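Thanks for asking me to take a look at this one. My notes follow as numbered points, best read with the structure open beside you.

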Amino acid sequence: IPPNLKYDYWKVMGSYVTLDNLTLQNIGVAGTNQGNYALAISNNHDILIENMYLPVMSRIAIMVVMATGTTLSNFELKNNDISACSWGIGGGFGNSTIMQHVLIHDNVFHDFTPQLIHAHGDGIYLFSTTGINSYIQQIYIYNNRFYGAFAEYGSGVTGMSAFIWPST
């Protein structure tokens, strides 16, 4: 886990898990970028996250964290309402990791401004922390909607970088 992203609210470490129609909100403070995330998914398979309402007021709404040498597969995020964060869905991968068969669709991302301070904003940001033998395959990102306020919080700080940013 990157050192500035160490505070999770919920953590899913099992497989064959469905989170449906739950709300996570107000777990942080506007304009502070406290390095937290609402939901952490780690080294699993067969995960479904759907119909969630996530006005989280945190750095990241949903964070995928993968340790060296692991695989995350059959992962679907659909019909979620995500706001008040710097990253809506973020994924960080270490050495020799694989993310495969991922569906991210029909989500709504909006109004990130309260958390766009000292961190670039991204709707969907999948990245590699090392880039050595790590890859993503069979990822489908479609039918997501972005609207609302994505400007920086205050002056002289970062704002939104990208709505969708796959970078390994």
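**Notes on the model**

1. Let me begin in a loop. Gln115 sits in the loop that connects strand S9 (108–110) to S10. Please keep in mind throughout that this is a predicted model. Is Gln115 buried or exposed? Gln115 has a relative accessible area of 0%, and the cut-off for buried is under 20%, so Gln115 counts as buried. Its side chain also has a polar partner: one of its polar atoms lies 2.7 Å from the backbone oxygen of Val29.

2. Pro114 belongs to the loop between S9 and S10. With a relative accessible area of 23%, Pro114 is partly exposed. What does Pro114 touch, leaving aside neighbours within four places in sequence? Its contacts are Ala30, Gly31, Met57 and Tyr153. Ser73, on the other hand, is 41 residues from Pro114 along the chain, and 32 Å separate the two C-alpha atoms.

3. Now for the interior. In soluble globular proteins, nonpolar side chains tend to be buried together. Here the largest nonpolar core has 32 residues, and Ile41, Ile49, Ile62 and Phe75 are the ones with the most contacts inside it. At least two residues of this core come from each of these strands: S3 (36–42), S4 (45–50), S5 (53–66), S6 (71–78), S7 (81–93), S8 (98–105) and S10 (121–128). Strand S5 gives the largest share, six residues.

4. Ile62 is a good residue to click on if you want to see the packing. Not counting residues up to four places away in sequence, Ile62 touches Leu39, Ile41, Ile49, Leu54, Leu77, Ile82, Gly88, Ile89 and Gly90. Apart from the largest core lies another one, of eight residues, including Tyr37, Ala40, Met63 and Tyr125.

5. Strand S7 deserves its own point. Twelve of the 13 residues of S7 are buried, so the strand is mostly covered. Which strands pair with S7? S5 does, in the parallel sense over ten bridges, with Val65 and Gly92 as one pair of bridge partners. S9 also pairs with S7 in the parallel sense, over three bridges, and here Ile82 has Phe109 as its bridge partner. S10 runs parallel to S7 and is joined to it by six bridges, one of them between Trp87 and Asp122. Trp87 also has a charged visitor: Arg59 lies over the face of its ring, 4.9 Å from the ring centre.

6. Strand S8 is largely enclosed by the rest of the structure, because six of its eight residues are buried. S8 pairs with S6 in the parallel sense over seven bridges, and Leu77 has Ile104 of S8 as its bridge partner. Strand S11 (residues 135–142) pairs with S8 as well, in the parallel sense over seven bridges. In that pairing, His105 stands opposite Tyr142 of S11.

7. On to the rings. How many aromatic pairs are there? The count comes to six. In one of them, the ring centres of Phe109 and Phe146 are 4.8 Å apart with their planes at 10°; stacked means planes under 30 degrees apart, so this pair is stacked. It links distant parts of the chain, since Phe109 is in strand S9 and Phe146 in strand S12 (residues 145–147), 37 residues apart. Phe109, at 0% relative accessibility, is buried. Ring pairs also link Phe109, Phe112, Phe146, Phe150 and Phe163 into a cluster.

8. A further aromatic pair is formed by Tyr125 and Trp165, and this one is tilted, with 4.6 Å from centre to centre and 35° between the planes. It too links distant parts of the chain: Tyr125 is in strand S10 and Trp165 in strand S13 (residues 160–167), 40 residues apart. Is each partner buried or partly exposed? Tyr125 counts as buried at 10% relative accessibility, whereas Trp165 counts as partly exposed at 31%. Tyr125 is also among the residues of the eight-residue core in point 4.

Definitions and conventions. Residues numbered from 1 in each chain as written. Predicted model: local features only at pLDDT ≥ 70, side-chain atom pairs only at ≥ 80, totals over all residues. Heavy atoms only, no water. Core = buried A, V, L, I, M, F, W, Y, C linked by side-chain atoms within 4.5 Å. Buried < 20%, exposed > 50% of the residue type's maximum accessible area, 1.4 Å probe, protein only. Helix = DSSP H or I, 4+ residues; strand = E, 2+ residues; numbered from the N terminus. Contact = heavy atoms within 4.5 Å. Polar contact = N/O pair within 3.5 Å; in protein donor to acceptor, adjacent residues only side chain to side chain. Pairing = 2+ DSSP bridges. Phe/Tyr/Trp six-rings, centres within 6.5 Å; stacked < 30°, edge-to-face > 60°. Lys NZ or Arg CZ within 6 Å of the ring centre and 35° of its normal.
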